[in-house]
Amino acid sequence: MSGRAQLMWDDAVTGYDFGESHPMDPVRLALTMGLVRAFGLDGAVDVVSARPAGDSTLRLVHREDYVAAVRAASADPKHADQKYGLGTVDDPAFAGMHEASALIAGQSVAAAEAVWRGDTAHAVNFTGGLHHAMPGGAAGFCVYNDPALAIARMLELGAERVAYVDVDVHHGDGVQAAFWEDPRVLTISLHEHPRTLFPQTGWPEETGSGAGEGSAVNVALPAGTGDAGWLRAFHAVVPELLADFRPQVLVSQHGADTHFEDPLAHLAVSLDAQRAVMSACHDLAHEYVEGGRWVALGGGGYAVVDVVPRSWTHLVGIAAHAPVDPESVIPSSWRDEVYARTRQLGPARMTDGRTPSWKSWEEGYDPADRLDQAVLATRRAAFPLRGLLT
């Protein structure tokens, strides 16, 4: 395999733009790539631009009538068909919607192809991670489900075991739905509890069905969970499952909206804990996946200046085996770019000043603790289906 990671980037991905007042501001993508360049990480990876996903690729996950509806809304946004989730408050139709969405999907599919072929061990598409789109509809700011498409493409190429780990604050419902009955794909999602957050799914009892029973794992975290609880939950569930499943590829989704500054959710996770989970995913890929095959995606994240660019720049650095020191001072050139684009002041360092730590599950649990109750519910629901002890 190549010694250099691939970073998928095309300036045109910023055309994925729901409008001025929408939380999914594409400036977060431009600012992330700007920060990657400011730290010189574009010299530590192969920056690659892929073609948009074509119809045959999109149909690996999405229904033909839905793709046609997206094309129609893209050509004439005023007549978007809301029965497909288009033209709604969450997913307003815009000119070029199909082209921008297919371009983002194409980056994730190409990343997966490169990793599966062995062209590179690690590939990053922080513009992707649009995990809510369903086979027949848009949802939650997501038009085409690029994580599911990337996984489906690897299955088409012969993969027999793909693990998907989603640490976005929202449940990875679209990816789970795409592989609900498929034992070749293990989906693991850690997210805020469905009682308090969209999409109101991701209960621990959701474990897959048919041949795929036991292939969906959900950790529903209490609102307010911070670094120690988030990291404890991750390490109490993910490593053991990956050690058992032994995936041929790890796909991870790193939505930055778990952060305590994010305006759309209620977890209290720091940038430093997000970085710790990225490092853990990298290490788990090298430990449990042949060749360390790892496809890392972005996702949600609506603190578009303070959080998202720093978080995903750390992701690129980790994948490139050139991690950015959290104490690094952010180059003034990037802060000038932030002000020019947003009239906001950018953060000064690559850290929130936290030193994340957590208590291992093996040290015991407290049945009265809400976080431990959440982890225990997941282990009791899913682990026996995989032949593992709770």
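**Note on the predicted model: sheet, loops, helix contact and cysteines**

1. Strand 5 and strand 6 are paired in the parallel sense, with six bridges between them. Strand 5 covers residues 185-192 and strand 6 covers residues 216-221. Within this pairing, Leu190 stands opposite Val219 of strand 6. It should be kept in mind throughout that the model is a predicted one.

2. The wider setting is an open sheet of eight strands, ordered 2-1-3-8-7-4-5-6, with parallel pairing. Its edge strands are strand 2 (45-48) and strand 6, each of which pairs on one side only. On average, neighbouring strands of this sheet are turned by 15° against each other, direction ignored. Strands of a sheet pair through backbone hydrogen bonds, in either a parallel or an antiparallel sense.

3. At the other edge, strand 1 (residues 5-8) and strand 2 run parallel and are joined by four bridges. Here Leu7 stands opposite Val47 in strand 2.

4. Is strand 6, an edge strand, buried or exposed? Six of its six residues are buried, so strand 6 is largely enclosed by the rest of the structure. In a regular strand, side chains alternate between the two faces of the sheet. Both faces of strand 6 are covered: Ala216, Asn218 and Ala220 are buried on one side, and Val217, Val219 and Leu221 are buried on the other. Val219, the residue opposite Leu190, thus belongs to the same side as Val217 and Leu221.

5. The loop between strand 5 and strand 6 deserves attention when backbone geometry is reviewed. Phe198 and Pro199 are joined by a cis peptide bond, with omega at about 5°, and Pro199 is placed in this loop. Gln200 lies in the loop between strand 5 and strand 6 as well. Although Gln200 is not a glycine, its phi is positive, at about 60°. The side of Gln200 open to solvent can be judged from its relative accessibility of 46%, which counts as partly exposed.

6. A positive phi also occurs at Arg343, a residue other than glycine, where the value is near 60°. Arg343 is found in the loop between helix 10 (332-342) and helix 11 (370-382). Its relative accessibility is 57%, and Arg343 therefore counts as exposed, the cut-off being over 50%.

7. Two packed helices are described by the angle between their axes and the distance between the axes. For helix 3 (residues 64-75) and helix 4 (residues 97-117), the axes come within 7 Å and cross at roughly 125°. The two helices are therefore oblique to each other. In the contact, Val67, Val70, Arg71 and Ser74 of helix 3 meet Met97, His98 and Glu99 of helix 4. By class, this contact comprises three nonpolar, two polar and two charged residues.

8. How many disulfides does the structure hold? The number is zero. A disulfide is a covalent bond between the sulfur atoms of two cysteines. The closest cysteine sulfur to that of Cys142 is in Cys281, at 19 Å, which is too far for a bond, since the criterion is a separation within 2.5 Å. The converse holds for Cys281, whose closest cysteine sulfur is that of Cys142, at 19 Å. Cys142 counts as buried at 3% relative accessibility, and Cys281 counts as buried at 1%.

Definitions and conventions:
Residues are numbered from 1 along each chain as its sequence is written. This is a predicted model: local features need pLDDT of at least 70, side-chain atom pairs count only at pLDDT 80 or more; totals for chains, interfaces and linings use all residues. Side-chain values use heavy atoms; hydrogens and water are left out. Buried means under 20% relative accessible area, exposed over 50%, partly exposed in between (1.4 Å probe, protein chains only). Axes are lines fitted to C-alpha atoms, for helices over the stretch in contact, and angles run from 0 to 180 degrees between N-to-C directions. Angles under 35 degrees count as roughly parallel, over 145 as roughly antiparallel, 65 to 115 as roughly perpendicular and the rest as oblique. Contact means heavy atoms within 4.5 Å. Ala, Val, Leu, Ile, Met, Phe, Trp, Tyr, Cys and Pro count as nonpolar, Asp, Glu, Lys and Arg as charged, and the others, Gly among them, as polar. Two strands pair if DSSP finds at least two bridges between them.
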